[in-house]
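Reader: I would like a careful walk through one part of this model, with the wider chain as background. Please look at the structure with me before we begin.

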Amino acid sequence: GDNGTITFNCANSTFSGNQAARRSAIFLYNVKNANLISNTITGNVLTGSTKTGAVDNNASTVNVSCNNIISGNTDNKDANGTFTHKYSIVGSTYYNASGAAATVDPAWNVAEMLGQLNKYGVCPLLGSSNPALTNGMPVAELKALANDYLSADVLGKDQLGNERTGNVIG
């Protein structure tokens with residue numbers, strides 16, 4: 001992290017199939033501002049004896065972790081460190097608009113509700129009653145998260161570059 005002076009933005013991305021001893025997808029170390037928005041992080045493999053997480057926050061300020069699916073990584077080591085997740089699924093837990101764990105019906109089941117990485121570079125949502133289809137951050141709120149390096153136009157699109165509609169997570 002360059003002594004805490006870096007801003008890290010990651011939006012509309014899929015991290016799947018990565019393998020590492022400790023941190024298999026994203027490692028935030030001493031980052032000044034981290035914004036994780038509308039990502040899918042799944043199917044990442046931790047191989048070492050000290051497995052910290054597919055997403056690991058070590059001494060960073062995570063300003064925004066919204067509209068993400070961080071689930072289905074080895075040993076249920078999905079996220080490690082301090083985060084406030086909003087409109088997100090982490091492991092099998094859904095976090096609502098205020099960042100509190102909340103119940104969704106049906107409950108999130110990564111094996112049944114998230115497909116494998118496809119040729120388009122995304123892991124598609126499966127099933128018409130999937131809670132990730134209706135419990136995401138509204139598009140207007142996503143666009144309001146824009147900053148100097150991440151435009152409202154980008155945040156208003158999905159992982160395939162299509163205009164977002166509804167409240168879809170990921």
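Reader: Of the contacts in the protein chain with a separation of 6 or more, what percentage comes from residues 24 or more positions apart? With that as background, please take a close look at the open sheet formed by three strands.

Author: Residues 24 or more positions apart account for 64% of the contacts in the protein chain with a separation of 6 or more, where contact means heavy atoms within 4.5 Å. This is a predicted model, in which local features need pLDDT of at least 70 and side-chain atom pairs count only at pLDDT 80 or more, while totals for chains, interfaces and linings use all residues. Residues are numbered from 1 along each chain as its sequence is written, and side-chain values use heavy atoms, with hydrogens and water left out.

First, the setting of the sheet. The protein chain has three helices and 15 strands; both are DSSP runs numbered from the N terminus, helices being H or I with at least four residues and strands being E with at least two. The radius of gyration, taken over C-alpha atoms, is compared with a globule rule of 2.2 Å times the number of residues to the power 0.38. For 170 residues a compact globule would have a value near 15 Å, and the 15 Å of the protein chain agrees with this, while the C-alpha trace spans about 40 × 35 × 35 Å along its principal axes. Of the 170 residues, 40% are buried, a term that stands for under 20% relative accessible area, with exposed meaning over 50% and partly exposed lying in between (1.4 Å probe, protein chains only).

The sheet in question is open, has the strand order 4-8-11, and is paired in the parallel sense. Because strand 4 (23-29) and strand 11 (79-80) stand at the edges with a single partner strand each, one side of each is left without a neighbour in the sheet. Two strands are said to pair if DSSP finds at least two bridges between them, and strands of a sheet pair through backbone hydrogen bonds, either parallel or antiparallel. Strand 4 and strand 8 are joined by five bridges in the parallel sense, and one pair of partners across them is Tyr 29 and Asn 58 of strand 8. On the other side, strand 8, which runs over residues 53-58, meets strand 11 in the parallel sense over two bridges, with Asp 56 opposite Asn 80 of strand 11. Strand 8 is mostly covered, since five of its six residues are buried.

The loops that lead to and from these strands deserve attention too. Ser 71 belongs to the loop between strand 10 (69-70) and strand 11, and with a relative accessibility of 2% Ser 71 counts as buried. Leaving aside residues up to four places away in sequence, Ser 71 touches several residues, among them Ile 41, Thr 42, Asp 78, Trp 108 and Val 110. Asn 30 occupies the loop between strand 4 and strand 5, is partly exposed with a relative accessible area of 25%, and has a phi near 55°, a positive value in a residue other than glycine. Asn 67 lies in the loop between strand 9 (62-66) and strand 10, and although not a glycine, Asn 67 has a positive phi of about 65°. Asn 67 has a relative accessible area of 0% and is therefore buried. Most residues other than glycine have a negative phi, and most peptide bonds are trans. The bond from Asp 105 to Pro 106 is cis, with omega near 5°, and Pro 106 is found in the loop between strand 15 (101-102) and helix 1 (110-113).

Another sheet can be set beside this part. An open sheet of four strands has the order 1-5-9-12, and its pairing is parallel. Strand 1 (7-11) and strand 12 (85-86) stand at the edges with a single partner strand each, so one side of each is left without a neighbour in the sheet. Strand 1 and strand 5, residues 33-37, pair in the parallel sense over five bridges, with Asn 33 in strand 5 as the bridge partner of Thr 7.

Finally, Thr 40 is found in strand 6 (residues 40-41) and counts as buried at 4% relative accessibility. Apart from residues up to four places away in sequence, Thr 40 touches residues including Ser 13, Phe 15, Ile 69, Leu 114, Cys 123 and Gly 170.
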